[in-house]
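The exercises below are to be worked with the sequence and the model side by side. Each opens with a task and is followed by a solution in steps.

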Amino acid sequence: MTSPEFFQHIVRSRRVTRQFLPAPLSEHLINRVLLDAQHSPSNCNTQPWQVHLVSGAARDRLSEALLAADDRQHYTPDFAFDMQAYTGVHAQRAQDSGRARYEAIDIGRDDHAARLACLRHNLKFFDAPHVAFLFMPQISDYVRAAGDVGMYAQTFLLSLQARGLGGIPQTLLGMYAETVREVLGVSGELKLMFGISFGHADPHSASNFVDVGRVALTESVVIHQ
Ligand SMILES: Cc1cc2nc3c(=O)[nH]c(=O)nc-3n(C[C@H](O)[C@H](O)[C@H](O)COP(=O)(O)O)c2cc1C
């Protein structure tokens, strides 16, 4: 069974969701997505992802703890995230996507309060009913396992898309790794890459229809013959 058109449609129509409807998904549906993601490839089939799925009261408790940690500026990332490290075309692309995102929801460059509220919306999981936290064990310098977790995340996102659901990977959640581990009772040996909030996308929210585009193939691919 092949359906390249369907695959192309799913891959190219996917966008991150930044406003969810609160209705929870059925256990059956979540299980389908988890099973799809479990089929992701990994180095030597090591499958290093450890996923903590958070819903219901646990989700609400965690969101409150994250907002409180943010109030205290209690940042505890397992892995650095420094926007200053992005220079040249990478800094430019980040800037362009930020502009497209804020223009779509009518938030001006100097509207710091609204921008801060957007940032804090991350910690409310954009109102999503479920969040999957992607952890991994320490294996060497983490790079191989991190690549595997990235593979897992993409399969997860495409599975959501194919089922008419929305999702968003959130590095920002990884900035509060200690808080997440504490609330969920996760061992310090597991390091947090990011979380994926997911559920039904709000069909009326402009923030769910931002097309940030992609650069031309020639910017990314060099062909040798
Ligand atoms: C690993 C990863 C982490 C991300 N972290 C965040 C985040 O913390 N907050 C956020 O609003 N968007 C986050 N994003 C979403 C990206 O900004 C988004 O994927 C990118 O702008 C491309 O948009 P698109 O996925 O809709 O095509 C993240 C994406 C990835 C892949």
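A salt bridge is counted here where a side-chain nitrogen of Lys or Arg lies within 4 Å of a carboxyl oxygen of Asp or Glu. The structure is a predicted model, in which local features need pLDDT of at least 70 and side-chain atom pairs count only at pLDDT 80 or more, while totals for chains, interfaces and linings use all residues. Residues are numbered from 1 along each chain as its sequence is written, and side-chain values use heavy atoms, with hydrogens and water left out.

**Exercise 1. Count the salt bridges by this rule, then describe the pair that Arg163 forms, with its place in the chain and its exposure.**

Step 1. The rule gives 8 salt bridges. Side chains of opposite charge can pair when their charged atoms come close.

Step 2. Arg163 pairs with Asp36, and their closest N and O atoms are 2.7 Å apart. This pair links distant parts of the chain, 127 residues apart, since Arg163 sits in the loop between helix 6 (143–162) and strand 3 (166–170), whereas Asp36 belongs to helix 2 (residues 27–38). Helices (H or I, at least four residues) and strands (E, at least two) are DSSP runs, numbered from the N terminus.

Step 3. For exposure, buried means under 20% relative accessible area, exposed over 50%, and partly exposed in between (1.4 Å probe, protein chains only). Arg163 has a relative accessible area of 33% and is therefore partly exposed; Asp36, at 29%, also counts as partly exposed.

**Exercise 2. Compare the setting of the Glu219 and Arg93 salt bridge with that of Asp96 and Arg99.**

Step 1. The side chains of Glu219 and Arg93 meet at 3.6 Å, N to O. Glu219 lies in the segment after strand 4 and Arg93 in helix 4, so that this pair, 126 residues apart, links distant parts of the chain.

Step 2. Glu219 counts as exposed because its relative accessibility is 51%, while Arg93, at 31%, is partly exposed.

Step 3. Between Asp96 and Arg99 the closest N and O atoms are 3.5 Å apart. These two residues are separated by about one helical turn, because they are 3 residues apart in helix 4.

**Exercise 3. Which residues touch the most other members of the largest nonpolar core, and which elements supply it?**

Step 1. A nonpolar core is a set of buried Ala, Val, Leu, Ile, Met, Phe, Trp, Tyr and Cys residues joined through side-chain atoms within 4.5 Å.

Step 2. The largest such core has 22 residues, of which Leu62, Leu66, Phe125, Phe133, Phe135, Leu173 and Val180 touch the most other members.

Step 3. At least two core residues each come from helix 3, strand 2 (130–137), helix 7 (177–184) and strand 4 (190–199). Helix 3 gives the largest share, 4 residues.

**Exercise 4. Identify the polar contacts that Arg14, Val16 and Arg214 make with the ligand.**

Step 1. A polar contact is a pair of N or O atoms within 3.5 Å; within protein, one must be able to donate a hydrogen and the other to accept it, and residues adjacent in sequence count only if both atoms are side-chain atoms.

Step 2. A polar side-chain atom of Arg14 is 3.0 Å from a ligand oxygen. For Val16 a backbone N or O atom lies 2.9 Å from an oxygen atom of the ligand, and for Arg214 a side-chain N or O atom lies 2.9 Å from a ligand oxygen.
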